[in-house]
Structure formats: structure tokens, C-alpha cells
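Visitor: I should like to request a close look at a single part of this model. Please treat its loops, its helix packing and its open space together, in one connected account.

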Amino acid sequence: MTGSPRYLVHPSPVGDIIIVTDDDSILTLHPFDGPLGAELERIALTLHAVPEPAALRAEDQASDPAAIAAAQLDEYFEGERRAFDLPLDWSGVRGFTGEALAAVCDIPYGETAGYGEVAIMAGRPRAARAVGTACASTPFSIVVPVHRVVRADGSLGEYGGRPDIKRSLIDLEQQTLGAAGV
């Protein structure tokens with residue numbers, strides 16, 4: 001981690017999204033529900049540092065990771081972006097979790113895959129439960145599309161205790177594809 005962690009709370013159609021960055025990359029990005037202070041405490045325990053509010057100046061908008069992430073999230077929610085191009089700090093992701101999340105990134109926009117399918121994509125066909133754990137612990141919701149991973153029977157499953165957000169993200173992507181005639 002370079003520099004002290006900073007955070008930005010960005011509004012979205014699925015609620016507030018917290019974006020935590022250092023000087024060069026995104027440390028975590030996810031929707032949150034509840035008091036900001038409690039969320040910052042949780043993040044501080046993970047990072048071993050307390051994030052400070054980001055002070056975005058107009059001249060920093062093009063290079064600040066939080067500003068770039070906020071702009072790309074807006075494009076995604078407007079149906080203009082199907083993949084994210086962000087400097088993610090993967091240093092806190094270990095072992096199979098990283099392999100599973102990399103496989104999740106290969107699920108096409110607007111489509112879903114089962115936990116077992118993602119396990120196969122990650123090279124561990126019997127690790128469907130571990131894929132579920134990886135999805136639940138991702139530091140990068142939405143930009144790493146764990147919302148596209150569903151149960152074997154096609155039902156949604158959880159999404160950080162917020163299946164309504166998962167449904168909204170899948171619906172957004174499918175409606176965007178439908179509107180584009182794909």
C-alpha cells in the first residue's frame with residue numbers, strides 16, 4: 001500500500017458504494033448498508049489503517065483511482081460500460097480466492113455461471129463452496145462481477161446479505177443487452 005488509505009462514498013442506483021484507495025490503486029470497493037463509521041471500522045481492521053476522507057481536487061480527477069472508479073461505476077449504471085479497467089490492489093487476496101475471482105472476471109456481461117462452473121473455470125472442479133467463500137470475501141464487488149455467480153439451480157443466492165442488489169445488477173446487465181439488441 002502506497003500512501004495512507006482514503007475513502008470516497010459514491011451514490012449509485014443500488015445504494016452507497018465505498019471506494020477505498022491509496023495513491024495508486026483501489027484497496028476495496030463495495031456497496032454498503034449501515035452506518036459509515038461501522039463500515040470504516042471494518043475496513044480499518046482489514047487494512048490495519050484508518051481510511052481518511054478523500055479530498056478530490058478537479059486537477060486530480062483524471063489520475064485519482066477513486067475518481068476513476070466513480071466515473072466507471074457511473075458509466076456501468078448508465079449501461080455504457082460492460083467491463084472495468086481499474087488499478088485493483090490484489091495483495092490482500094490469497095490462494096484459491098484469487099484464482100476463483102479471476103475466473104469470475106471471465107463470466108460475460110449479462111450472463112451468469114454457477115459456483116461449480118466457476119470452480120471448473122478456476123481449475124478446481126470440486127471447489128464450488130470455496131468459490132462461494134471467495135465471492136463473499138471479494139474486496140471488489142461489482143467491478144469483479146461476483147453478482148454473476150448463482151446457485152446450481154439458477155437461484156441467485158446471497159450477495160453480502162443483499163440479494164436485492166445482486167438481482168438489480170443482473171437485471172441491469174440483461175436489460176442493457178436487450179436494449180442493445182444483443
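Guide: A residue is called exposed when its relative accessible area is over 50%, and buried when that value is under 20%. The model is predicted, and the part chosen here is helix H5 with its surroundings.

Helix H5 covers residues 128-137, and helix H3 covers residues 95-104. Two packed helices are described by the angle between their axes and the distance between the axes. For H3 and H5, the axes come within 9 Å and cross at roughly 80°. An angle of 65 to 115 degrees counts as roughly perpendicular, so H3 is roughly perpendicular to H5. On the H3 side, the contact is made by Phe96, Thr97, Ala100, Leu101 and Val104. Their counterparts in H5 are Ala130, Val131, Ala134, Cys135 and Ser137. By class, this contact of H3 with H5 holds eight nonpolar and two polar residues, with no charged residue.

The loop between H5 and strand S6 (149-150) contains Ile142. Although Ile142 is not a glycine, its phi is positive, at about 70°. Ile142 has a relative accessible area of 2% and is therefore buried. A second residue with positive phi, His48, lies in the loop between helix H1 (36-47) and strand S4 (52-53). The phi of His48 is near 60°, and His48 is likewise a residue other than glycine. Here the relative accessible area is 73%, which means that His48 is exposed.

H1 and H5 both reappear in the lining of the largest pocket, where each supplies at least two residues, as do strand S3 (26-31) and helix H6 (163-179). The largest share, five residues, comes from H1. The space in the largest pocket amounts to about 920 Å³. Of its 33 lining residues, those closest to the centre are Arg42, Ala136, Ser137, Thr138 and Pro139. Ser137 thus has two roles in this account: it meets H3, and it is among the residues closest to the centre of the largest pocket. The lining of the largest pocket comprises 14 nonpolar, eleven polar and eight charged residues.

The second largest pocket has a volume of about 190 Å³. It is lined by 13 residues, of which Ala83, Phe84, Cys105, Val143 and Pro145 are the closest to its centre. By class, its lining has ten nonpolar and three charged residues, and no polar ones.

Note on methods
Residues numbered from 1 in each chain as written. Predicted model: local features only at pLDDT ≥ 70, side-chain atom pairs only at ≥ 80, totals over all residues. Heavy atoms only, no water. Axes fitted to C-alpha atoms, helices over the stretch in contact; angles between N-to-C directions. Helix = DSSP H or I, 4+ residues; strand = E, 2+ residues; numbered from the N terminus. Parallel < 35°, antiparallel > 145°, perpendicular 65-115°, else oblique. Contact = heavy atoms within 4.5 Å. Nonpolar A, V, L, I, M, F, W, Y, C, P; charged D, E, K, R; others polar. Buried < 20%, exposed > 50% of the residue type's maximum accessible area, 1.4 Å probe, protein only. 1 Å grid on protein atoms, 1.4 Å probe; cavity = no way out; pocket = protein on both sides within 12 Å on 5 of 7 lines; lining within 4 Å. Points joined across faces, edges and corners; volume = space filled by probe spheres on them.
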